[in-house]
Amino acid sequence: MGGLSVAWLTLIVLIPLAAVVVRSFEGGVGEFWDAVTNPQAVAAMRFTLIVSIVVAAIDAVMGVLIAWVLVRDEFPGKALVNGLIDLPFALPTIVAGLTLLALYGNKSPVGVNVAYTQAGVALALLFVTLPFVVRAVQPVLMSLDREAEQAAASLGAGPIYTFRRIVLPALRPAILAGVALAFGRAVGEFGAIVLISGNLPFKTEVASVFVYSRIESDSTTAAAAVSVVLMAISFVMLFGISYWARRAEKA
Amino acid sequence: MTAGRLSLRVVALGYLALLLVVPIGMVFYRALENGIGPAWDAVTTPPAQHAFYLTCVIALIAVPLNAVFGVACAWLLARYEFKGKRLLDTIIDLPFAISPVVVGLALILVWGREGWFASTSVIFSTPGMILATIFVSLPFVVREVEPVLREEGIDQEQAAATLGANAFQILRRITLPTIRWGLTYGIILSTARALGEFGAVAIVSGKISGRTETLTLYVEDRFQSLDLAGAYAAALLLALIAVAVLALMTILQRKHKDH
């Protein structure tokens, strides 16, 4: 059974990924370098990284805020709001993109049009990455002992000071784990962006859309080269999280 | 109640409203603004019906395969110590970390006309779309079942073995009932992902209308053809499936906790 599982994993996951790496270096390191330093590819990768960092930062702030309200506040309909958080995970990404265009597209009923803009790309990424930080922080916040906060408050510390000095340090590992997942997702996202970005090279084109357009025009070597860079970023995130989680566990 | 608490609540709920609730409400409104009749007509055209059928076929093949592999892999990770276990653990998570576009490209490079296992019946047809779907939804069952197996331990399995049960009997009588809930969640999540995948399937399918179009590809096709009514109607159908999945998970988890 073990052998069969490994064989299956090799056929489905490893061989295809190996094919991407092999293809990217098929023309030698020189050609690989040319492909990843092509100005349009560089612009797409730079925009992807910048927008992913911005989105992950907003996720960190809003994720903690939403988790806080869901754990510490009480209001009617809270269970429903809590269930809503997972919707971006369940909703197909193409529907997410269409959804945002219906409200914030060129026929916007509220007069906000982010179609074909960098803000539109960020909005789509905020939508699909919303649950990561909330769901990472929520359980930690729930199990947090409130005595330290009460002690700080009774000693005259204000709510902001208490949050910064007592709550935030306890949440930090969860926030970082959530942010890393959100960032990784944002770097590779395709479906939610494809309708809203308009895919304008040097402006709203992200790396995944760049790879897609290269596949469509049969330049698979260039597509593979940029894919390898994307995979390298994913690996660093993935290994980074598990290494760092193990270290935190030991400490 | 303090003003600070109220303002936090307003900011959190306002953010969720502007990002999630109002946009999704808008799709429902757009899909149904001319009544249910036109929306129904839009999702029952022959290409739409075929897209629905193909989406179901792909999920019906990919999800059971993921379930069997997922249980086997979870078993391996929870019950055995071996060299390279951590590596296996990481590889299983890879599909979550890799862009769907890269998955599509990878499958073309292996199964395409000039690929390593060159074939004419995989890419631009159903087998390729199934492979793409298996890839992206692979980790769900493993990740749900493994912690359950680990937590339950091996006492019952060992007792059954001592009493003379064979491996198959142990699997059917002890292990499967133990992992029932984890397996159910894994299958539900895997199904939702299979029905909703876009990028990887878009690349390997060639997007041939009425032949290799799934529901998500149909949404894009209708949007790009400026048939917004059709796009909104199909999106509504997919959104309803997503909401049903969430509701099912919530109900099952509540039931599970009560036991």
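Which residues does A124(A) touch, not counting residues up to four places away in sequence? In this predicted model, A124(A) touches A96(A), G97(A) and L100(A), and likewise A192(A), I193(A) and I196(A), once residues up to four places away in sequence are left out of the count. A124(A) also belongs to the largest nonpolar core, which holds 162 residues, and is one of the members that touch the most other members. The others named in that respect are L98(A) and V226(A) in chain A, together with L105(B), V219(B) and A235(B) in chain B.

The contact between the two chains takes 61 residues from chain A and 60 residues from chain B. On the side of chain A that touches chain B, the largest share comes from helix α1 of chain A (residues 2-24), which supplies 14 residues. By residue class, this side of chain A divides into 45 nonpolar residues, 13 polar residues and three charged residues.

Within chain B, helix α1 (residues 3-32) and helix α13 (residues 228-258) have axes that come within 8 Å of each other and cross at roughly 130°. At that angle, which falls outside the ranges counted as roughly parallel, roughly antiparallel or roughly perpendicular, α1(B) is therefore oblique to α13(B). The crossing of α1(B) with α13(B) is left-handed. From α1(B), the residues I24(B), V27(B), F28(B), R30(B) and A31(B) take part in the contact, and they meet Y232(B), A233(B), A235(B), L236(B) and A239(B) of α13(B). The residues of this contact comprise nine nonpolar and one charged, with no polar residue among them. A235(B), which α13(B) contributes to this contact, is also among the core residues that touch the most other members.

A second helix pair in chain B is formed by α8 (residues 155-162) and α9 (residues 167-178), whose axes come within 10 Å and cross at roughly 145°. The crossing of α8(B) and α9(B) is right-handed. Here Q156(B), E157(B), A160(B) and A161(B) of α8(B) meet I170(B), R173(B), I174(B) and T175(B) of α9(B), and the residues of the contact divide into four nonpolar, two polar and two charged.

In chain A, helix α8 spans residues 147-154, and because the number buried among its eight residues is zero, this helix lies largely in the open. G156(A), which follows α8(A), has a positive phi, near 100°.

Key: Residues numbered from 1 in each chain as written. Chains lettered and ligands numbered in written order. Predicted model: local features only at pLDDT ≥ 70, side-chain atom pairs only at ≥ 80, totals over all residues. Contact = placed C-beta atoms within 7 Å. Helix = DSSP H or I, 4+ residues; strand = E, 2+ residues; numbered from the N terminus. Nonpolar A, V, L, I, M, F, W, Y, C, P; charged D, E, K, R; others polar. Core = buried A, V, L, I, M, F, W, Y, C linked by C-beta atoms within 7 Å. Buried ≥ 20, exposed ≤ 12 C-beta atoms within 10 Å, placed from the backbone. Axes fitted to C-alpha atoms, helices over the stretch in contact; angles between N-to-C directions. Left-handed = near helix turned anticlockwise from the far one by under 90°. Parallel < 35°, antiparallel > 145°, perpendicular 65-115°, else oblique.
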